[in-house]
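Visitor: I am new to this structure. Please show me how to read it, one feature at a time.

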Amino acid sequence: MTYDEWSTDNPIFDRGQCVEQYCEIDNAGHCSERDENSKYTKVSNEKYQKYIDAINEAQSSYVECNATGCECFKNVIVRDLKPFKKNGIGKDLIDIARTRGTFYQIIGGKLYREKDCMFPSRCAGIEHFLLKIVGNLTDMDLVVNTRDYPQSSKHFGRPLPIFSFSKTPQYHDIMYPAWAFWEGGPAISLYPRGLGRWDQHRELLDKASKSTPWNKKKSKVFFRGSRTSSERDNLILLSRNNPNLVDAQYTKNQAWKSDEDTLHAPPASEVPLESHCAYKYLFNYRGVAASFRHKHLFLCRSLVFHVGDEWTEFYYDSMKPWIHFIPVSKDASQTDLEELIHFAIDNDELSEKIANRGRDFIWSKLKMKDILCFWRKLLKSYGKILSYKPVLDKHLIKIEHK
C-alpha cells in the first residue's frame, strides 16, 4: 500500500474526497484498496504549511518497495559496487584494503579469517551470517571493517573494496548489515554483553508496543543517550527549558569524566528499549556513525524523529522522510525542534499513521531472513566482479559454527 491520506478529523485539513484509511500490515487482509492519488490542498493553519507541503511532495513520489527477496535494498548493492564494476576488483586492491579491516576468505564453501580480530564479538556477529551462506558462494577474498567509521574516502586515493556497516556519501565503502543484528552491539549497563539478537529484540519490542497502544502513550518526546556529539545538545536543553514537552537526558559513556561531559548535569540512568514504547515521540541521533537504536525505536509504534541524513545503514534509503518518520535537521535550534514537536502533537492522527508506517516497514522488511538475504545477494554480486581466483592463505584460521 502506498502513502495514504490523513483523516477528515484532522483540524488543519479540508478534504476533497474520501480515500482509504491507514491499515496496519498485521491487519492488511481486512483492508481494501481505494484511490491513493488525492492530496490535501488547503491548510487552515499556515504555520504548519511547510510541513504539509513536505508531506504532499513525499506522497506524490512514494512507491512502496517490494519486500520479496529483500528487493527493497537491491539498489544499495548496485550503487556500492558500481565503482568497481568496470575494471573489477584485483588482488592489488584487496592487498591495500587489508590494512583497514579484517581479512576473510571463502574457499571451497568454507570460511577463513586472519587470526586477530580487533573486536571479536563484532566478528562473531558477522560470521553468524557468513557461515549460513558460504556453501553457496564462489571463492573470494573480502575485507570487513569492524570499526564504527568507514575507511575508503572519496577524497583520498582510489576506491577500495572495504565492507563497512555505515557510511556517508563521502565514502566508497560497501555497506553490509551490522554485526549488531546478532551480537557485538554497544555494551551498556542494561546490555552488558552488547546490544544484539535482533530477532529477540523484535519480539520484545512488539510486545511492549502492543501493551501501550498509541492512545495510552505519553504525549511527549523521549530520549536517553550519551553525548556522542553536540547535535544532541539542543534537545537536551529544550527538555530542561520545557520538561512537559520533552524528557531528554544524557547518560554516561566510556569517555565520561564529570558532569561537564553531560552538559553540566548529573548523568541519567539508562532506560531499556522496551520502556521507550511508553512515549509517542522518540528522537534518533547518529552516534560515531549510524545509530544502532534506529531500527528498534520504530517497533515501539511511536513516531520517530530522525535527525540528520548523512549517516546511513544499508536499509535507510528505503525508508522515506514524512512517510515513515519525521526528518530533523542536525542543526535544528531549540525553536525549530519545539515547532516540529508541536506540529506532531497538534496533528495526532497524522503522527500515529506515520508511526505505524515506520513500524510496519521495519517489522515486515527487516526480518532476520531479510538480513541473510541481503548478505547473500551482496556477496554473490561482489564475487562476480572479483577479477582473480583467490588462493587459500595458510596463515588464516577456519571459522566454524559454535
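**Reading the model step by step**

Guide: Take one residue to begin with: alanine 332 is buried, because its relative accessible area is 10% and buried means under 20%. Keep in mind that this is a predicted model.

Visitor: Where does alanine 332 lie?

Guide: Alanine 332 sits in the loop between β12 and α8.

Visitor: Which residues is alanine 332 in contact with, leaving aside its neighbours within four places in sequence?

Guide: Asn234 and Leu337. Look at glutamate 231 as well. Its C-alpha lies 8.4 Å from that of alanine 332, yet the two are 101 residues apart in sequence.

Visitor: Let us step back to the whole protein. How many helices and strands are there?

Guide: The protein has ten helices and 13 strands. It has 402 residues, and 55% of them are buried.

Visitor: What share of the contacts joins residues 24 or more positions apart?

Guide: Count the contacts with a separation of 6 or more. Of these, 69% are between residues 24 or more positions apart.

Visitor: Now the sheets. How do I read one?

Guide: Read the strand order, then the pairing, then the edges. One open sheet has five strands, in the order β9-β8-β10-β11-β12, and its pairing is parallel.

Visitor: Which strands stand at the edges of this sheet?

Guide: β9 (246-251) and β12 (326-328) do. Each has a single partner strand, so one side of each lacks a neighbour in the sheet. On average, neighbouring strands here are turned by 20° against each other, direction ignored.

Visitor: What packs on that sheet?

Guide: Helix α6 (residues 233-241) does. It touches β8 (218-226), β9 and β10, and its direction makes about 125° with that of β9.

Visitor: Is β10 enclosed or open to the outside?

Guide: Six of the six residues of β10 are buried, so β10 is largely enclosed by the rest of the structure.

Visitor: How many bridges pair β10 with β11, and how many pair β8 with β10?

Guide: Strand β10 (residues 279-284) pairs with strand β11 (residues 303-307) over four bridges, in the parallel sense. β8 and β10 also pair in the parallel sense, over three bridges.

Visitor: Which residues should I look for there?

Guide: Start at tyrosine 281. It stands opposite leucine 303 in β11. Tyrosine 281 of β10 is also the bridge partner of valine 221. Then find leucine 282, whose bridge partner in β11 is valine 304.

Visitor: How do side chains point along a strand?

Guide: In a regular strand, they alternate between the two faces of the sheet.

Visitor: What is the order of the sheet with six strands?

Guide: This open sheet runs β7-β6-β5-β3-β4-β13, and its pairing is mixed. β7 (174-175) and β13 (397-399) stand at the edges. Each has a single partner strand, so one side of each is left free of a neighbour in the sheet.

Visitor: Where can I see a parallel pair in it?

Guide: Try strand β5 (residues 140-144) and strand β6 (residues 162-164), which pair in the parallel sense over two bridges. Valine 144 has phenylalanine 163 in β6 as its bridge partner.

Visitor: Which strands do α4 and α10 touch?

Guide: α4 lies across β3 (102-107), β4 (110-113), β5 and β13, at about 160° to β4. α10 touches β3, β5, β6 and β7, and its direction makes about 120° with that of β5.

Visitor: How do I read two packed helices?

Guide: Check the axis distance, the angle and the residues that meet. Helix α4 (residues 120-133) and helix α10 (residues 368-384) have axes 10 Å apart and pack at an angle of about 70°. That makes α4 roughly perpendicular to α10. The crossing of α4 past α10 is right-handed.

Visitor: Which residues of α4 and α10 meet?

Guide: Among those in α4 are Ile126, Phe129 and Leu130; among those in α10 are Leu372, Trp375 and Leu379. By class, this contact has nine nonpolar, no polar and two charged residues.

Visitor: At what angle do α1 and α8 cross?

Guide: Helix α1 (residues 49-61) and helix α8 (residues 334-346) cross at roughly 65°, and their axes come within 11 Å. The two are therefore roughly perpendicular to each other. α1 passes α8 in a right-handed crossing. Lys50, Tyr51, Ile52 and Ile55 of α1 meet Glu339, Leu340 and Phe343 of α8. The residues of that contact divide into five nonpolar, no polar and two charged.

Note on methods:
Residues numbered from 1 in each chain as written. Predicted model: local features only at pLDDT ≥ 70, side-chain atom pairs only at ≥ 80, totals over all residues. Heavy atoms only, no water. Axes fitted to C-alpha atoms, helices over the stretch in contact; angles between N-to-C directions. Parallel < 35°, antiparallel > 145°, perpendicular 65-115°, else oblique. Left-handed = near helix turned anticlockwise from the far one by under 90°. Contact = heavy atoms within 4.5 Å. Nonpolar A, V, L, I, M, F, W, Y, C, P; charged D, E, K, R; others polar. Pairing = 2+ DSSP bridges. Buried < 20%, exposed > 50% of the residue type's maximum accessible area, 1.4 Å probe, protein only.
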